[in-house]
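Dear colleague,

I am handing over the structure below, and my notes on it follow. Please read them with the structure open beside you.

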Amino acid sequence: MSFRKEKKFRLTKFDYDLLKSRLLTNGMQSLYPKRSINSLYYDTETLRMFQDSEEGLLPRKKVRIRWYKDIRKANKEIKISSFEGRFKTSCFAGVPVESVLPKSLYDSSYGVLYPALLVSYKREYFSFESMRITFDSDIKFTNYRQSQSVCYKDVERVMEVKVGMEYSDDYIESILPLPTSRFSKFSRGLLISNKEL
């Protein structure tokens, strides 16, 4: 397990395109081809993980099964936010998607979890000044707790920047002097689909 520091930047389409263009002009390098990502988030019946995220409680978790559109293999991922930092664990690597979308999961902290929200989006991967930068667009949500399967689209986009714990707290801000923002796709998807955002 390796902790990391991360910052998120909520962007309009115009700001997203402008910022990406400026960073590419200044030396940002592509790491991987653009990919379509699907993440099915699990939560308790009463959405305790969502509530803990909204309240900013530590420690907290998010549990999801993630797969890529072009690679029908899935991983179970657990994202943990703690006082020490953030980290992610992953398992089920290389297992076909169809066999790893269980109706429930068990978590030692939260108990039994059920599918809550499917998030789909396109991601681009870059590196710049020791930072790993991703740009996410075309973000869509399907709320599994609603009786009808409706796809909701987020009008905003997000840039996420990650560095190792060895960098100072203000390292990212020293290179990207932009206002950061909380941008949890899981939380936004539930709020948007419930017409609370």
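**Surface and overall form**

The protein exposes about 10,600 Å², of which carbon and sulfur atoms supply 52% (Shrake-Rupley method with a 1.4 Å probe; for residues, only the protein chains shown count as cover). This is a predicted model, in which local features need pLDDT of at least 70 and side-chain atom pairs count only at pLDDT 80 or more, while totals for chains, interfaces and linings use all residues. Residues are numbered from 1 along each chain as its sequence is written, and side-chain values use heavy atoms, with hydrogens and water left out.

The protein has 4 helices and 10 strands (DSSP runs numbered from the N terminus, helices being H or I of at least four residues and strands E of at least two). Buried residues make up 48% of its 197 residues, where buried means under 20% relative accessible area with a 1.4 Å probe, protein chains only.

**Helix α4 and R188**

Helix α4 covers residues 185-193, and 9 of its 9 residues are buried, so the helix is largely enclosed by the rest of the structure. R188 has its place in this helix and is buried, with a relative accessible area of 9%. The side chains of R188 and E156 are joined by a polar contact of 3.5 Å (a pair of N or O atoms within 3.5 Å; within protein, one must be able to donate a hydrogen and the other to accept it, and residues adjacent in sequence count only if both atoms are side-chain atoms). After α4 comes K195, whose phi is positive, near 55°.

With regards

Methods: Buried means under 20% relative accessible area, exposed over 50%, partly exposed in between (1.4 Å probe, protein chains only).
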